[in-house]
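Trainee: I have a structure to read and some questions to ask. Can we go through it together, step by step?

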Amino acid sequence: MRLRTAAVSAGIAIVAVAGLSTPAQAADWKVYGHYVTKSQCVDAGQQYVREGFNAYKCTERGIYPPWILSLK
């Protein structure tokens, strides 16, 4: 009986450690700014990536200011 309990406890510990080592879900895109020109948006996005964000994207919308900077 003690051997079975020890084996089950070891199995639970292994599963718990494996669960902690898996990477988290990817973060969603979040809006960080609105820009008048695409070049301003790209410049700001590149600066944010240099400061530690993973990626940026500039998307166009139909109203003023037309460019939205989203970061991940």
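Trainee: Is F53 buried, partly exposed or exposed?
Mentor: This is a predicted model, so keep that in mind throughout. Buried means under 20% relative accessible area, and exposed means over 50%. F53 has 28% relative accessibility, so it falls between those cut-offs. F53 is partly exposed.

Trainee: Which type of aromatic pair do Y32 and F53 form?
Mentor: Look at the angle between the planes. For Y32 and F53 it is 70 degrees, with 5.3 Å centre to centre. Planes over 60 degrees apart count as edge-to-face. So the pair of Y32 and F53 is edge-to-face.

Trainee: How many residues apart in sequence are the parts that Y32 and F53 tie together?
Mentor: Start with where each ring sits. Y32 lies in strand β1, while F53 lies in the loop between α2 and β2. The pair therefore ties together parts whose separation in sequence is 21 residues.

Trainee: Which type of aromatic pair do Y32 and Y48 form?
Mentor: Their centres are 5.8 Å apart, and the planes make 55 degrees. Stacked needs under 30 degrees and edge-to-face needs over 60. The angle of 55 degrees meets neither, so the pair of Y32 and Y48 is tilted.

Trainee: What does the pair of Y32 and Y48 tie together?
Mentor: Y32 is in strand β1, residues 30-35. Y48 is in helix α2, residues 38-50. So the pair ties together parts 16 residues apart in sequence, in strand β1 and helix α2.

Trainee: Are Y32 and Y48 buried, partly exposed or exposed?
Mentor: Take each in turn. Y32 has 38% relative accessibility. Y48 has 25%. Both values lie between 20% and 50%, so Y32 and Y48 are partly exposed.

Trainee: Which residues do ring pairs link into a cluster?
Mentor: Follow the pairs. Y32 pairs with Y48, and Y32 also pairs with F53. The structure holds 3 aromatic pairs. The linked cluster is Y32, Y48 and F53.

Trainee: What is the order of the strands in the sheet?
Mentor: The protein has 2 helices and 3 strands. Along the sequence they follow the pattern α-β-α-β-β. The edge strands of the open sheet are β1 and β2, each pairing on one side only. The order is β1-β3-β2.

Trainee: How many residues are in the hairpin connection that joins β2 to β3?
Mentor: First look at the pairing. β2 and β3 run antiparallel over 5 bridges. T59 stands opposite I68 in β3. The hairpin joins β2 to β3 through 6 residues.

Trainee: Which residue in β3 is the bridge partner of K57?
Mentor: Search strand β3. One residue placed there is buried, with a relative accessible area of 6%. Leaving aside neighbours within four places in sequence, its contacts include W29, Y56 and K57. The bridge partner of K57 is S70.

Trainee: Which strands does α2 touch?
Mentor: Helix α2 packs on the sheet. Its direction makes about 15 degrees with that of β3. The strands touched by α2 are β1, β2 and β3.

Trainee: Is the peptide bond from Y64 to P65 cis or trans?
Mentor: Place the bond first. P65 lies in the loop between β2 and β3. Omega for the bond from Y64 to P65 is near -10 degrees. The bond is cis.

Trainee: Is P66 buried or exposed?
Mentor: P66 is in the loop between β2 and β3. Beyond its neighbours within four places in sequence, P66 is in contact with residues including Y35, V36 and T59. Its relative accessibility is 18%, under the 20% cut-off, so P66 is buried.

Trainee: What is the C-alpha to C-alpha distance between P66 and H34?
Mentor: Compare sequence with space. P66 and H34 are 32 residues apart in sequence. In space, C-alpha to C-alpha, they are apart by 7.2 Å.

Trainee: What share of the residues is buried?
Mentor: Think of the whole protein. It has 72 residues. Its accessible surface comes to about 5700 Å², and 60% of that belongs to carbon and sulfur atoms. The buried share of residues is 18%.

Notes:
Residues numbered from 1 in each chain as written. Predicted model: local features only at pLDDT ≥ 70, side-chain atom pairs only at ≥ 80, totals over all residues. Heavy atoms only, no water. Phe/Tyr/Trp six-rings, centres within 6.5 Å; stacked < 30°, edge-to-face > 60°. Helix = DSSP H or I, 4+ residues; strand = E, 2+ residues; numbered from the N terminus. Buried < 20%, exposed > 50% of the residue type's maximum accessible area, 1.4 Å probe, protein only. Contact = heavy atoms within 4.5 Å. Areas by Shrake-Rupley, 256 points an atom, 1.4 Å probe, with all protein chains shown as cover. Pairing = 2+ DSSP bridges. Axes fitted to C-alpha atoms, helices over the stretch in contact; angles between N-to-C directions.
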